[in-house]
Amino acid sequence: MPVSRFKRYFPIPYLVIATAAIVHCVIHLSRLPDASLAWVGALVAVVPLVTFMSFLLIYRRARTRRNQYFVLVPAVLGTVLSFVGFESPASWYALFLGLIPSFAYFYWYSIFDRTGPTPLVVGGTLPELALVDSDGNRVTQAEGKYGLYMFVRGNWCPLCMAQVKEIAAQYRELAARGVEVFLIARQSDEHTRSLAKRFDAPIRFCSDADGALARRLGIEHVGGLPFGMEPMGYESDTILPTVVIADPDRRIIFADLTDNYRVRPEPSTFLAAVDATG
């Protein structure tokens with residue numbers, strides 16, 4: 001199994017185990033007359049990453065900065081403190097649930113492999129996508145209009161949903177520039193219909209349920225679904241977050257193939273790309 005396949009086993013198991021460790025630390029410290037350096041250090045090391053990941057799930061931000069030093073610095077300092085006053089298992093919590101996972105999350109888990117070939121390059125011609133909406137109807141870019149194609153991982157991804165919300169709020173500005181918005185998700189038609197009902201905007205919601213389109217475009221993410229979410233009706237393979245804008249002649253004028261699931265373009269970027277061709 002490729003190392004990247006192990007990524008899907010990181011987020012949910014980590015949050016469960018790390019949260020249990022935090023509870024253990026709090027209970028242990030509450031029973032001590034004096035604070036133990038090792039146990040305090042463990043909390044300092046572990047809490048920031050758990051808080052950050054939980055924040056993304058709850059508040060649904062469309063993007064974050066690539067590096068989050070307010071997580072990484074405490075992970076280092078907390079681990080050092082914990083090992084200065086070494087006590088098991090607190091020091092091991094700091095190392096294996098604080099320091100190592102924090103760096104793994106930002107410099108391994110968050111990163112996509114974009115080395116494969118793809119026709120989605122600026123200046124190229126957008127291939128015929130043969131899009132189908134959740135009701136099975138064929139969807140094509142209208143003649144004489146720009147097409148903004150947003151590929152999202154699915155309803156389960158909080159950052160993707162926040163990005164869709166931004167686009168839905170911006171649709172009037174896009175429509176005024178002659179832009180049609182197509183949202184393509186690697187999920188079932190049922191999930192896509194559910195997504196369409198959330199947003200009162202003329203977005204063309206399309207499904208790539210079997211992943212054929214993602215594979216053809218070189219943006220399939222094998223094993224991209226976090227472990228534990230299959231019971232919600234999602235497939236383990238997903239799609240890499242991608243945004244492409246094509247002019248009326250299907251020439252690609254903008255392509256964002258982010259290599260980090262937390263780093264995505266601002267909505268104003270799309271308007272600027274269209275305005276630049278005017």
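This passage walks through the overall layout, one helix, a surface patch and the salt bridges of a predicted model.

Starting with the whole chain, there are nine helices and nine strands. The C-alpha trace spans about 75 × 40 × 35 Å along its principal axes. Of the 278 residues, 51% count as buried. The contact pattern leans on pairs that sit well apart in sequence: among contacts with a separation of 6 or more, 73% come from residues 24 or more positions apart. As for the outside, the accessible surface comes to about 13,100 Å², and carbon and sulfur atoms hold 59% of that.

Helix α1 makes a handy first stop. This helix covers residues 11-30, 20 residues in total, and runs 28 Å from first C-alpha to last, close to the 28 Å expected at 1.5 Å a residue. Its buried residues are P11, Y14, L15, A18, A21, I22, C25 and L29. Viewed down the axis of α1, these buried residues fall within an arc of 135°, so they line one face of the helix. The general rule behind such a pattern is simple: an α-helix has 3.6 residues a turn, so residues three or four places apart point the same way. What do the buried residues of α1 pack against? Their partners are α2 (37-59) and α4. On the other side of α1, V16 and S30 are exposed.

Helix α4 turns up again on the surface, this time in a nonpolar patch. The patch is made of L37, Y69, V73, V76, L77, V80, L81, V84, F103 and Y107, which together offer about 910 Å² of accessible area. Both α3 (69-84) and α4 (90-109) supply at least two of its residues, but the largest share, seven residues, comes from α3. One of the patch members is Y69, which lies in helix α3. With a relative accessibility of 53%, Y69 counts as exposed, because the cut-off for that class is over 50%.

Turning to charged side chains, a search of the whole structure finds ten salt bridges. One of them joins E266 and R63, at 3.5 Å from N to O. E266 sits in the loop between β9 (252-256) and α9 (267-275), while R63 sits in the loop between α2 and α3, so the pair ties together parts that are 203 residues apart in sequence. The two ends of this bridge are covered to unlike degrees: E266 is partly exposed at 41% relative accessibility, whereas R63 is buried at 13%. The pair also belongs to a wider arrangement, since R63, E166 and E266 are linked in a network of salt bridges.

A second bridge brings together the side chains of E220 and R186, at 3.4 Å from N to O. This pair, too, links distant parts of the chain: E220 is in strand β6 (residues 220-221) and R186 in the loop between β4 (179-185) and α7 (189-198), 34 residues apart. Here E220 counts as partly exposed at 21% relative accessibility, and R186 as buried at 9%.

In a third bridge, D247 pairs with R251, and the closest N and O atoms are 3.2 Å apart. Which partner is buried, and which partly exposed? D247 is the buried one, with a relative accessible area of 7%, while R251 is partly exposed, with 40%.

Technical notes. Residues are numbered from 1 along each chain as its sequence is written. This is a predicted model: local features need pLDDT of at least 70, side-chain atom pairs count only at pLDDT 80 or more; totals for chains, interfaces and linings use all residues. Side-chain values use heavy atoms; hydrogens and water are left out. Patches are made of residues with over 30% relative accessible area and no salt bridge: like charges are joined within 9 Å, nonpolar side chains (Val, Leu, Ile, Met, Phe, Trp, Tyr) within 5 Å. Accessible areas come from the Shrake-Rupley method with a 1.4 Å probe; for residues, only the protein chains shown count as cover. A salt bridge is a side-chain nitrogen of Lys or Arg within 4 Å of a carboxyl oxygen of Asp or Glu. Helices (H or I, at least four residues) and strands (E, at least two) are DSSP runs, numbered from the N terminus. Buried means under 20% relative accessible area, exposed over 50%, partly exposed in between (1.4 Å probe, protein chains only). The expected span of a helix is 1.5 Å times one less than its number of residues. The arc is that of the directions from the helix axis to the C-beta atoms. Contact means heavy atoms within 4.5 Å.
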